[in-house]
Amino acid sequence: MALVEVEGLTKIFPAGDRSFAAVDAVDLSIAAGETLGLVGESGCGKTTLGRMLLRLIEPTSGCIRFEGADLLAASGGELRRLRRNMQIIFQDPFGSLNPRMRVGEIITEPLVIHGESTAGRAAELLRAVGLDESAIPRYPHEFSGGQRQRIGIARALALKPKFIVADEPVSALDVSVGAQIVNLLQRLQKDFQLTYLFISHSMPVVRYLSDRIAVMKAGKIVEIGPTEQITRAPQHPYTRTLLEATPELAAVR
C-alpha cells in the first residue's frame, strides 16, 4: 500500500527574466515500510522534491497524497495532524541544530509544539540513536558531526512519524561515520516501522539502503525500479553513467 503518492509534481523558480523547473512533472509512490532512494547529481532537484513532499516548499502544481489524504488541500488542524507523521533529517549536522538550545530542548521541541508530554522522552530518544542521557544538558558544539546527526535523528523521531525524508544525511560526514549513520537508519526503520525517502548523490549508499531507486536528472525522474534492477540492468543512459562512475558497482553488472 502506498503511503506517499505524487502525481505531476512541479516546482518552477524565477530566474531573472526567465524561470526554470527545479522539479518537472514528477510521478512516484512510496510504499509503507520501504526505502526509496533518490539519486542524482547536485542541483538536479532532489532536495526540492523531498521538501515539497513535506510542504516545506510549496509546489507550483501537482498532487501529493499521504495515506490517501490530499496534502496540498490540507490546512489548519488537518495539516498539523498530517505533518506530525512526516519529518526530515537534514544534510548539515552543524547548521541544523540551534546552537543556543541544549540537546534535551532540541529533541523535545516538536513535543512542546504539539502539546505533548516531554517527561523522560529526551533520554529515551537519545538511547534509540546510540547516545546517553548525559547529552541532555549539553550544547551542539560539544559534539562531533556524527553525534550531531544522531541528535537530529532523535529529534525527527520525537513525534513517532511514519515517513522521514533523509536529505543527504551522510554527505557531510567521513566515510566510517557515515556508514554508522546508515546502519543506524536501517535499524531504526525496523524498530519504529518507518518509511524513508533517502536522498543522496552516492549510488553505493543508495544501493545498500534502498528497496527501490529513483534516478533524477534535471528535475525529472528518468528511471525508477527495484534496486537490483537499477544497478544490474539500468535502462537510461544517465543511470549507466552514474554506475560507471562507481567502479565497485560497475563491476557487479
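This report walks through a helix pair, the nonpolar cores and a few single residues of a predicted model.

**Two helices side by side**

Let's start with helix H3, residues 103-113, and helix H5, residues 145-157. Their axes sit 7 Å apart, and the two helices pack at an angle of about 30°. Angles under 35 degrees count as roughly parallel, so H3 and H5 are roughly parallel to each other. If you look at how they cross, the crossing is right-handed.

So who is doing the touching? On the H3 side you'll find Val103, Ile106, Ile107 and Pro110, and they meet Ile151, Ala154 and Arg155 of H5. Sort the residues of this contact by type and you get six nonpolar, one charged and no polar.

**The nonpolar cores**

Ile151 from that helix contact turns up again in the largest nonpolar core, which has 43 residues. Along with Val129, Ile153, Leu157 and Leu188, Ile151 touches the most other members of this core. Take Ile153 as an example: leaving aside residues up to four places away in sequence, Ile153 touches Ile89, Val129, Ile181, Leu184, Leu185 and Leu188. There's also a second, separate core of 30 residues, and its members include Ala69, Leu71, Ile199 and Met216.

**Two residues with positive phi**

Now for a couple of backbone oddities. Glu67 isn't a glycine, yet its phi is positive, at about 50°. You can find Glu67 in the loop that links strand E4 (61-66) to strand E5 (69-70). Lys160 is another residue other than glycine with a positive phi, this one near 55°. Its spot is the loop between H5 and strand E7 (163-167).

**Buried or exposed?**

Here is how Glu67, Lys160 and Thr227 sort out by relative accessibility.

| Residue | Relative accessibility | Class |
|---|---|---|
| Glu67 | 34% | partly exposed |
| Lys160 | 58% | exposed |
| Thr227 | 5% | buried |

Why does Thr227 count as buried? Buried means under 20% relative accessible area, and Thr227 is at 5%, so it makes the cut. Lys160, on the other hand, has 58%, and over 50% means exposed.

Thr227 belongs to helix H8, residues 227-232. What does Thr227 touch, not counting residues up to four places away in sequence? The list is Arg207, Ser210, Asp211, Arg212 and Ile213.

Definitions and conventions
Residues numbered from 1 in each chain as written. Predicted model: local features only at pLDDT ≥ 70, side-chain atom pairs only at ≥ 80, totals over all residues. Heavy atoms only, no water. Axes fitted to C-alpha atoms, helices over the stretch in contact; angles between N-to-C directions. Helix = DSSP H or I, 4+ residues; strand = E, 2+ residues; numbered from the N terminus. Parallel < 35°, antiparallel > 145°, perpendicular 65-115°, else oblique. Left-handed = near helix turned anticlockwise from the far one by under 90°. Contact = heavy atoms within 4.5 Å. Nonpolar A, V, L, I, M, F, W, Y, C, P; charged D, E, K, R; others polar. Core = buried A, V, L, I, M, F, W, Y, C linked by side-chain atoms within 4.5 Å. Buried < 20%, exposed > 50% of the residue type's maximum accessible area, 1.4 Å probe, protein only.
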